[in-house]
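User: I'd like to learn how to read a few features of a model like this one. Can you walk me through them, general idea and then the case at hand?

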Amino acid sequence: MNILIIDDNLKMIEKLKKDLFIRFSEYIDKTNIFSYSSNFYAIDTTIEYDFCFVDIDLIDENGIEVVKYIKERQLKIKIVFISSCLNLIHDSLIVQPFYFIRKKYYKEDLENFFAIYTNMEKTKELISLNYKYNKVNINVEDIIYIASFGHQLSIKTKAGLYEDNRKLIEIENYLSNLGTFSRVHKSYIINLEYLVSYKKNLLLLTDGTEIILGRVYKKNFDKMFQEYLLR
């Protein structure tokens, strides 16, 4: 894993380096960290970075503009802003950050970041489906939605449609702690990663599927959706 740190505070860079080395070593065999405390537009973009931790309130530069520059060259990079300026959280959403660490609550927020990262890694796991004695393994992150019809589940993925013998509640319990799957109807669970729009209780998914958000599930969905947007 390659990590980029952008901050004009050298003490903060060293602290973050140490904490990231310790924590990422629990998940990954090798972690490379590259840091810049000045000349931010001279970043080596030939390296493919997984995460960029950046102070949104740099002394001589606008952190958001620096991130825009990086994201034009690193399409898959995940941005984690770090700042004491809480009033900038809303402004940061324009570049869709993965997370926002408040310096005042650094330790707590870093723990929250790793909890989210752990859940994200879990979505790369395989789930085994069983239908009429036929078994197939699919990636959890590829699931768009799961629909229940009678005593049968239909699982729509990027690759196609699969079926399973379990009840919807069983799969819901399995996916509930991943942070991207939400029950939206008595017969549907959706993956928020594939939600295109949410208007007047109508949910539109990337494959064109439209689902009416059930009244019973609306409060929980709204809360989860807001948390998802702030990730």
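Analyst: Let's begin with how elements are named: helices and strands are DSSP runs, numbered from the N terminus, with at least four residues for a helix and at least two for a strand. Keep in mind that this is a predicted model. As a case, Asn 39 sits in the loop between β2 (32–36) and β3 (51–55).

User: Is Asn 39 buried or exposed?

Analyst: The cut-offs are under 20% relative accessible area for buried and over 50% for exposed. Asn 39 has a relative accessible area of 56%, so it is exposed. Try a distance from there too: Asn 39 and Lys 135 are 96 residues apart in sequence, and their C-alpha atoms are 54 Å apart in space.

User: And Ser 148, where is that found, and is it buried or exposed?

Analyst: Ser 148 belongs to strand β8, residues 143–149. Its relative accessibility is 18%, so Ser 148 counts as buried. Leaving out residues up to four places away in sequence, Ser 148 touches Leu 153, Leu 168 and Ser 187.

User: Now the cores. Which residues have the most contacts inside the largest nonpolar core?

Analyst: A nonpolar core is a set of buried nonpolar-type residues joined through side-chain atoms within 4.5 Å. Here the largest one has 23 residues, and those with the most contacts inside it are Leu 20, Phe 24, Phe 51, Phe 53 and Phe 113. At least two residues each come from β1 (2–6), α1 (10–24), β3, β4, β5 (99–102) and α4. The biggest contributor is α4, with seven residues.

User: What does Phe 53 touch?

Analyst: Not counting residues up to four places away in sequence, its partners include Ile 3, Leu 4, Ile 5 and Ile 6, along with Leu 16, Leu 20, Val 80, Ile 82, Ile 101 and Phe 113. There's also a second, separate core of 21 residues, with Tyr 49, Cys 52, Leu 58 and Ile 70 among them.

User: Last one: how do I read the largest pocket?

Analyst: Go from volume to lining to chemistry. The largest pocket holds about 1,100 Å³ of space. It is lined by 32 residues, and the closest to its centre are Lys 76, Lys 78, Phe 98, Met 120 and Glu 193. Two or more lining residues come from each of β4 (78–83), α4 (106–122) and α6 (215–229), and α4 gives the largest share, three residues.

User: How many of the lining residues are nonpolar, polar and charged?

Analyst: The lining of the largest pocket has 15 nonpolar, five polar and twelve charged residues.

How values were computed: Residues numbered from 1 in each chain as written. Predicted model: local features only at pLDDT ≥ 70, side-chain atom pairs only at ≥ 80, totals over all residues. Heavy atoms only, no water. 1 Å grid on protein atoms, 1.4 Å probe; cavity = no way out; pocket = protein on both sides within 12 Å on 5 of 7 lines; lining within 4 Å. Points joined across faces, edges and corners; volume = space filled by probe spheres on them. Nonpolar A, V, L, I, M, F, W, Y, C, P; charged D, E, K, R; others polar. Buried < 20%, exposed > 50% of the residue type's maximum accessible area, 1.4 Å probe, protein only. Contact = heavy atoms within 4.5 Å.
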